[in-house]
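Q: Could you walk me through how to read this structure, one feature at a time?

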Amino acid sequence: MKKFTAVSDVENLQEIIKKALQIKENPLSETDKGKGKTIGLVFLNSSLRTRLSSQIAAQNLGLNVLTLNAAQEAWNLEFADGAVMNGDTVEHIKDAIEVLNQYCDIIAVRCFAGMKSKEDDVNESILSQFEQHAKVPVISLESATRHPLQSLADCITITESWQEDRKPKVVLTWAPHIKPIAHAVGNSFAEWMQEMDVDFIITNPEGYDLDKNFTKDVKVIHDQDEALKDADFIYVKNWSSFDEYAEMPEVKENWMLTNEKLENTNQAKVMHCLPVRRNVELSDEVMDGENSIIYQQAKNRIFSAQAVFSEILDELNSK
């Protein structure tokens, strides 16, 4: 693995899931693999699970970890090519990346969608510059359009939670929120589920369909009750409109997931990437109930990161 920004960077999804589950059994099995190498974790946005799970995963592999909270601790960054920097930006992103090239063997970066320019977000205006200017492997810790380490953790969680001899029905359901939320988790989950051996559908209100570049031919149902019928796994997540970019068209129906809605399912396991707005996206009774595997997902963020870092180190160590 030479980089990790999407499922397309994974040569064999089932193999990396298997590797992650083996790591989960013995997280300290490769403590010398990263010896003498440094990973730079660059955060342009807030983080809890991504930050901590990435640090733990890197340390488990013996990597030296540098964590930069770029939005708070670095100079104001300029991202535009050809910019005349006579304003409040002090350092151009290409210069910052070139310095990171000198300090790090791997660069991992987290950058959210700006939610202002659809074109900039769809074209990954920030992550693309890291991919363009980095001379070392780049790992996405979330970007404007995808959250691949989260999606790998989701695949791990579904795999270890499913024991039956049939394909599970997996439903990605939209949930309410108080503000416009980016599409990265929804997009990414849709991409990865299409590589899994599952029956996958998406349910969301009219006006909230995700980008077809990610959902492709996945069935989208605008009736939540119909979609949830006989579900084995339900992934709860909010996102704003893609067509009316970053807008929140009115939704009159109640889309918050409750125990009453779970009665229509096959005792579905409930998933969410966290953080979650309790009693807005899903109810306390669901969040804290026996169907919830949300904290299991969060723990698996360590092993998704560690599996990816291990694969990247294999590539570096082979040179």
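Q: How many residues of strand 10 (residues 233–237) are buried?
A: Five of its five residues are buried, so strand 10 is mostly covered. Buried means under 20% relative accessible area, exposed means over 50%, and partly exposed lies in between, using a 1.4 Å probe and protein chains only. Strands here are DSSP runs of E with at least two residues, helices are runs of H or I with at least four, and both are numbered from the N terminus. Keep in mind that this is a predicted model, where local features need pLDDT of at least 70 and side-chain atom pairs count only at pLDDT 80 or more, while totals for chains, interfaces and linings use all residues. Residues are numbered from 1 along each chain as its sequence is written, and side-chain values use heavy atoms, with hydrogens and water left out.

Q: Which way do the side chains of strand 10 point?
A: In a regular strand the side chains alternate between the two faces of the sheet. Here Phe233, Tyr235 and Lys237 point one way, Ile234 and Val236 point the other way, and all are buried.

Q: Which sheet order do I find around strand 10?
A: Strands of a sheet pair through backbone hydrogen bonds, either parallel or antiparallel. In this case five strands form an open sheet in the order 9-8-7-10-11, with parallel pairing. Two strands count as paired if DSSP finds at least two bridges between them. Strand 9 and strand 11 are the edge strands, each pairing on one side only. On average, neighbouring strands of this sheet are turned by 25° against each other, direction ignored.

Q: Which bridges can I follow across that sheet?
A: Start in strand 10, where Ile234 is the bridge partner of Val171. Strand 10 and strand 7 (residues 169–174) pair in the parallel sense over five bridges. Ile234 also stands opposite Val270 in strand 11, and three bridges join the parallel strands 10 and 11. From strand 7 you can step to strand 8, again parallel and over five bridges, with Thr173 opposite Thr203. Strand 8 (residues 199–203) is joined to strand 9 by three bridges, also in parallel, and Ile202 has Val220 as its bridge partner there.

Q: Why is strand 8 described as largely enclosed?
A: Four of its five residues are buried, so strand 8 is largely enclosed by the rest of the structure.

Q: How do I read a pair of packed helices?
A: Two packed helices are described by the angle between their axes and the distance between the axes. Helix 7 (residues 148–161) and helix 8 (residues 184–193) pack at about 50°, with axes 9 Å apart. That makes helix 7 oblique to helix 8; angles under 35 degrees count as roughly parallel, over 145 as roughly antiparallel, 65 to 115 as roughly perpendicular, and the rest as oblique. The contact, meaning heavy atoms within 4.5 Å, includes Pro148, Ser151 and Leu152 of helix 7 and Ser188, Phe189 and Trp192 of helix 8. Axes are lines fitted to C-alpha atoms, for helices over the stretch in contact, and angles run from 0 to 180 degrees between N-to-C directions.

Q: Which strands does helix 7 lie across?
A: Helix 7 lies across strand 7, strand 10 and strand 11, running at about 155° to strand 10.

Q: What is the strand order in the open sheet of four strands?
A: The order is 2-1-5-6, with parallel pairing. Strand 2 (64–69) and strand 6 (138–140) stand at the edges with a single partner strand each, so one side of each is left without a neighbour in the sheet. Neighbouring strands of this sheet are turned by 20° against each other on average, direction ignored. Within it, five bridges join strand 1 (residues 38–43) to strand 5 in parallel, and Ile39 stands opposite Ile106.

Q: Which backbone features should I look for in the loops?
A: Most residues other than glycine have a negative phi, and most peptide bonds are trans. Met115 is not a glycine, yet its phi is positive, about 65°; Met115 lies in the loop between strand 5 (106–110) and helix 5 (118–122). Lys216 also has a positive phi, near 50°, and is partly exposed, with a relative accessible area of 45%. A cis peptide bond joins Leu274 and Pro275, with omega about 0°, and Pro275 is in the loop between strand 11 (269–271) and helix 12 (284–287).
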